[in-house]
Structure formats: C-alpha cells, structure tokens
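Open the model in your viewer and keep the selection box at hand. This tour goes stop by stop, saying what to select and what is there.

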Amino acid sequence: MVHVLSSRVLVRPSDPERSRAFYGTALGLEIYREFGTGPERGTVYFLGGGFLEVSGRATAPATETLQLWLQVADAAAAHEELLAHGAEVLRPPVQEPWGLIEMWIADPDGHRIVLTEVPADHPLRYRP
C-alpha cells in the first residue's frame, strides 16, 4: 500500500505573475513556500488539506479535465470578494438539487474552480 504523507495540485500557468495574483490576491490563498527566483519562481499555497503549486510556464491551453473543488464557509461572501477582485465568475452561487451551494469561477488560464458551501442542515454536516 502507498502511504501518502502529503499532496498537491500542480498548475503550469501561461502567465505566472497573473496566476500568482489570482491565487494569492483574488482567492486569498496563503503561501506555504516559494522556490526559485524571478517570474518563473514557484509558489506553493495552502489549499485546505493539501497544497496548490503554481510554477513553470504552460506551453498548451488549460484542459477541461482538471477542475479544483474548494469548500468555503460562505459562497455568497466569496462571490462578492471575487467580483471585487475582478475574478472571472462563470456562475454565481446556486443551491444544487443535492443541497450544496456551488459557484464556478475560472483562473486566468481557464482552469475551472468550484467553490462549494455545505449548508448547516446538509447531510454532510448533520446526521439525525
């Protein structure tokens, strides 16, 4: 059995500085560590129970097969903050038939990110 100690998602952006501004400022992710120098340096952000690394440079467009799922405490507040930072909101917060409140955004390269709020009365939080 593989004993995983930690994990991270690696994103290769087309414009590293623009992506660092998105993840660090618009999303407000805290930096775990940085490595290298100059515009090609790598930045690793805390991402809940894992990490998100923005490093290197993309040579191809973003793929639809990569999507990030981030749980937030308040989707409506996140929506307002992201709009204020100029983030591309693909869909505002909506309560889905399965009870979660989800909104969709895109990073500067078009990677899709879902921000999900789990309401207090949702079965993921509450068991009768």
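What follows starts with the whole chain, then visits helices, core and charged pairs.

**Stop 1: the whole chain**

Show the chain as a cartoon. This is a predicted model. Colour by secondary structure and count two helices and eight strands. Trace the chain from the N terminus, and the elements run β-α-β-β-β-β-α-β-β-β. The C-alpha trace spans about 50 × 40 × 25 Å along its principal axes.

Now colour by accessibility. Of the 128 residues in the chain, 38% are buried. Turn on contacts next, keeping those between residues at least 6 apart in sequence; 46% of them join residues at least 24 apart.

**Stop 2: helix α2**

Select residues 75-84, which form helix α2. Which of its residues are buried? They are Ala75, Ala78, His79 and Leu82. Look down the axis of α2: these buried residues fall within an arc of 105°, so they line one face of the helix. Turn to the face directed away from the buried side, and you find the exposed residues Glu80 and Ala84.

Bring back the surroundings. The cover over the buried residues of α2 includes α1 (16-26), β6 (88-95), β7 (101-106) and β8 (112-117).

Check both ends of the helix. At the start of α2, select Asp74: one of its side-chain oxygens comes within 3.1 Å of the backbone nitrogen of Ala76. After α2, select Gly86, which has a positive phi, near 75°.

**Stop 3: helix α1**

Move to α1, residues 16-26. Show side chains for its buried residues: Pro16, Ser19, Arg20, Phe22, Tyr23 and Ala26. Then step past the helix to Gly28, where phi is positive, near 75°.

**Stop 4: the largest nonpolar core**

Select Phe22, Tyr23, Leu27, Leu52, Leu82, Ile105 and Ile113 and show them as spheres. Among the 21 residues of the largest nonpolar core, these touch the most other members. The elements that contribute two or more residues to this core are α1, β3 (42-47), β4 (50-54), β5 (67-71), α2, β7 and β8.

Centre on Tyr23. What does Tyr23 touch, not counting residues up to four places away in sequence? Its contacts are Val11, Gly28, Leu29, Tyr45, Leu52, Val54, Leu68, Asp107 and Ile113.

**Stop 5: Asp107**

One name in the Tyr23 contact list carries a charge, so to speak, worth a stop of its own: select Asp107. Asp107 sits in the loop between β7 and β8. Is Asp107 buried or exposed? Asp107 is buried, yet has no salt bridge. The nearest side chain of opposite charge is that of Arg18, 6.9 Å away.

Draw a distance from Asp107 to Tyr23. Their side chains make a polar contact at 2.7 Å. With neighbours within four places in sequence set aside, Asp107 is in contact with Val11, Phe22, Tyr23 and Ile113.

**Stop 6: salt bridges**

Side chains of opposite charge can pair when their charged atoms come close. A search of the whole structure finds seven salt bridges. Three of them follow, each given as an N to O distance.

- Select Glu17 and Arg20. Their side chains form a salt bridge at 3.1 Å. Both lie in α1, three residues apart, about one turn of the helix. Glu17 is partly exposed, with a relative accessible area of 38%, whereas Arg20 counts as buried at 7%.
- Select Glu34 and Arg41. This salt bridge is 3.4 Å long. Glu34 is partly exposed at 43% relative accessibility, and Arg41 is partly exposed at 22%.
- Select Arg91 and Glu96. The salt bridge here is 2.6 Å. Arg91 counts as partly exposed at 26%, while Glu96 is buried at 12%.

Finally, select Glu17, Arg20, Glu34 and Arg41 together. Salt bridges that share partners join these residues into one network.

Terms used: Residues numbered from 1 in each chain as written. Predicted model: local features only at pLDDT ≥ 70, side-chain atom pairs only at ≥ 80, totals over all residues. Heavy atoms only, no water. Buried < 20%, exposed > 50% of the residue type's maximum accessible area, 1.4 Å probe, protein only. Helix = DSSP H or I, 4+ residues; strand = E, 2+ residues; numbered from the N terminus. Arc of directions from axis to C-beta. Contact = heavy atoms within 4.5 Å. Polar contact = N/O pair within 3.5 Å; in protein donor to acceptor, adjacent residues only side chain to side chain. Salt bridge = Lys/Arg side-chain N within 4 Å of Asp/Glu carboxyl O. Core = buried A, V, L, I, M, F, W, Y, C linked by side-chain atoms within 4.5 Å.
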